Amino acid sequence: MPTALTLPSQVTPPRFVLSELGPEEVDAEVVALPVLPADETGSLVLGPGATVLAETHDLLGILEVEGATGKAGEVISYPVTGEGPLRRILLVGVGAQRRTDFRRAGAALARAVRDRESLATTIPAVEPDLALEPFVVGATLGSFGFHWRSAGPEWRPVARITLAELGDDRAAALERARAIAEAGWRARFLATVPAALKNPAWLADQAVALAKDAGLTAKVWDEKALAKDGFGGILGVGQASATPPRLIRLDYKPAKSGRRTPTVAIIGKGITFDTGGLNLKPGEGMATMKRDMTGGAVVIATLAGLAAVGCPVKVVGLIAAAENAVSGSALRPGDVITHYGGRTSEVTNTDAEGRLVMADALAYAVDEVEPDVILDVATLTGAMKVALGQQLGGYFATDEALARLLAEAADVSGELLWRMPLAEAYEDKLASKIADADNAPGGPGAITAALFLRHFTGGLPWAHLDIASIGDAPADRDEWTAGPTGFGARLLLTWLGQDEPLAGIGG
Ligand code: BES
Ligand code: MN
Ligand code: ZN
């Protein structure tokens, strides 16, 4: 047996504090002031909180010397000497002052204040109703770090961020912003953990622990329970692994709920490592496959944040967790799987494993959860990455209102989606000579995968998010950090955290 792995202690997100004081009155090592684009005279404008500091420091002068433009995320640094804790003034562009600009400004600022103790900023005070949440999200996720180094993390996020010139009346908005930001952090963290540690049982333990903190109920199927209940897809995909599969169920009920409160089921792909199985992936295709459970991580992180965003509907999260490994007991090409509920799949490619585990969980949700809306999130197809590149997630929807709600939530959250067609013309491709469907029906790969899953959705209003495209960020950019992204939790919390998340669906 390998020795048990222990993850070293990780960095944590900055702590946010509201203060009505001006930034110069807060005891902080760094003050960050917003820079607005040029006014009619052609010169840049400093945003709120700059007046006092500008009396003693030539802030507009330094902007000119540095050739500042005020574009979102630009950071000009002004060193400060003398008495008092203040050591640096950062002048941060907020561009056109859209949500995206404040998210960018927050992330750029977070990178500029690593290893500092304290920061005070008036950036969200530019337009608090709009800016608070994206700023907090950007500053949190721009601070994300993960390490497994003997000497500890390379750097630490700034410990405290004081949001100056904002009073306690913003406490609820800050709480909500933090919940969304931390869901993004949590999903990214789970996706980043190496698969030597992150096996299906470990993922289930994480989910159960988070559920306890968040007041959710949790249920976990081990391999025996999966067999008893007929989860042939999850078992088949997991059968070669030394660490057997799990199905995880998390239930959220809003404080005010009754029999007529609608239910949403969200299902995540939890492949803790995807070797491809006997249809083994080449090395470069396998390199990032520890994050093939991102959909599952997104479901866990979303469920953990629902109470904090005041989600008014019931939500059931299901994570189908398995390792797609290689061994003498592996699923073979040509094998047939019987899914939960009885539908069968011919496995023509063991690397199309995601849909096999998702099919079971979808069928279970339809049968046992009886949801009003069903949604799934999965790093499902390389084809989606070819179609959309690494900056957009793809989604499919059977209901126009649901499609619109998701597109709006995507725009608000900054986790961008592009809608793809459930084109009937390709339905024939699913045909198998011996089973109800072929699991690898060929191209267009993202569409045929979605059509495969649709058979398990019971005709309910359904959306399918294929996030294989945006599962990994190639470099640090805005709120994204190089590596697994955890894409989707912010978007789902934005959708489910509104007053009427199901408005118009099914109508
Ligand atoms: N996990 C992969 C999809 C993937 C690819 C995610 C690249 C992220 C980046 C999935 O299980 C897979 O291997 N899909 C195959 C399906 C094919 C064999 C029908 C694919 O897309 O190549
Ligand atoms: Mn695969
Ligand atoms: Zn996969």
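The following is a working chat about the metal sites, helices and unusual backbone features of one structure.

Colleague: What kind of model is this, and how is it numbered?
Modeller: It is a predicted model, in which local features need pLDDT of at least 70, side-chain atom pairs count only at pLDDT 80 or more, and totals for chains, interfaces and linings use all residues. Residues are numbered from 1 along each chain as its sequence is written, chains are lettered from A and ligands numbered from 1 in the order in which they are written, and side-chain values use heavy atoms, with hydrogens and water left out.

Colleague: Which protein donors does the manganese ion (ligand 2) have?
Modeller: They are Asp 274 (OD), Asp 351 (O), Asp 351 (OD) and Glu 353 (OE), at 2.0 to 2.2 Å from the ion. Donors are N, O and S atoms within 2.8 Å of the metal (3.2 Å for Na, K and Ca); water is not among the atoms, so sites may look incomplete.

Colleague: And which residues coordinate the zinc ion (ligand 3)?
Modeller: Lys 269 (NZ), Asp 274 (OD), Asp 292 (OD) and Glu 353 (OE) coordinate the zinc ion, at 2.0 to 2.4 Å. Their spacing in sequence is K-x4-D-x17-D-x60-E.

Colleague: Which site is octahedral, and which is irregular?
Modeller: The zinc site is octahedral, with angles of 78 to 172° among its six donor atoms. The manganese site, also with six donor atoms, has angles of 73 to 168° and is irregular. Six donors count as octahedral if opposite donors are over 155 degrees apart and all others between 65 and 115; four count as square planar on those terms, or as tetrahedral if all angles lie between 85 and 135 degrees, and anything else is irregular.

Colleague: What does Asp 274 bridge?
Modeller: Asp 274 bridges the zinc ion (ligand 3) and the manganese ion (ligand 2), which lie 3.2 Å apart. The pair Asp 274 and Glu 353 links distant parts of the chain, 79 residues apart: Asp 274 is in strand 10 (residues 263-274), and Glu 353 is in the loop between strand 13 (344-346) and helix 11 (354-369). Helices (H or I, at least four residues) and strands (E, at least two) are DSSP runs, numbered from the N terminus.

Colleague: Are those donors buried or exposed?
Modeller: Asp 274 is buried at 3% relative accessibility, and Glu 353 is buried at 1%. Asp 351 is partly exposed, at 23%. Buried means under 20% relative accessible area, exposed over 50%, and partly exposed in between (1.4 Å probe, protein chains only).

Colleague: Turning to helices, why is helix 10 described as largely enclosed?
Modeller: Because 12 of its 12 residues are buried, helix 10 is largely enclosed by the rest of the structure. Among them are Thr 294, Val 298, Ile 300 and Leu 303.

Colleague: How do helix 5 and helix 15 pack?
Modeller: Helix 5 (residues 171-192) and helix 15 (residues 489-496) pack at an angle of about 145°, with their axes 8 Å apart. Axes are lines fitted to C-alpha atoms, for helices over the stretch in contact, and angles run from 0 to 180 degrees between N-to-C directions. The contact (heavy atoms within 4.5 Å) includes Ala 179 and Ala 183 of helix 5 and Arg 490 and Leu 493 of helix 15.

Colleague: Where is the cis peptide bond?
Modeller: It joins Gly 443 and Pro 444, with omega about 0°. Pro 444 lies in the loop between strand 17 (437-438) and helix 14 (445-454).

Colleague: What is phi of Asp 115?
Modeller: It is near 70°, a positive value in a residue other than glycine. Asp 115 is exposed, with a relative accessible area of 51%.
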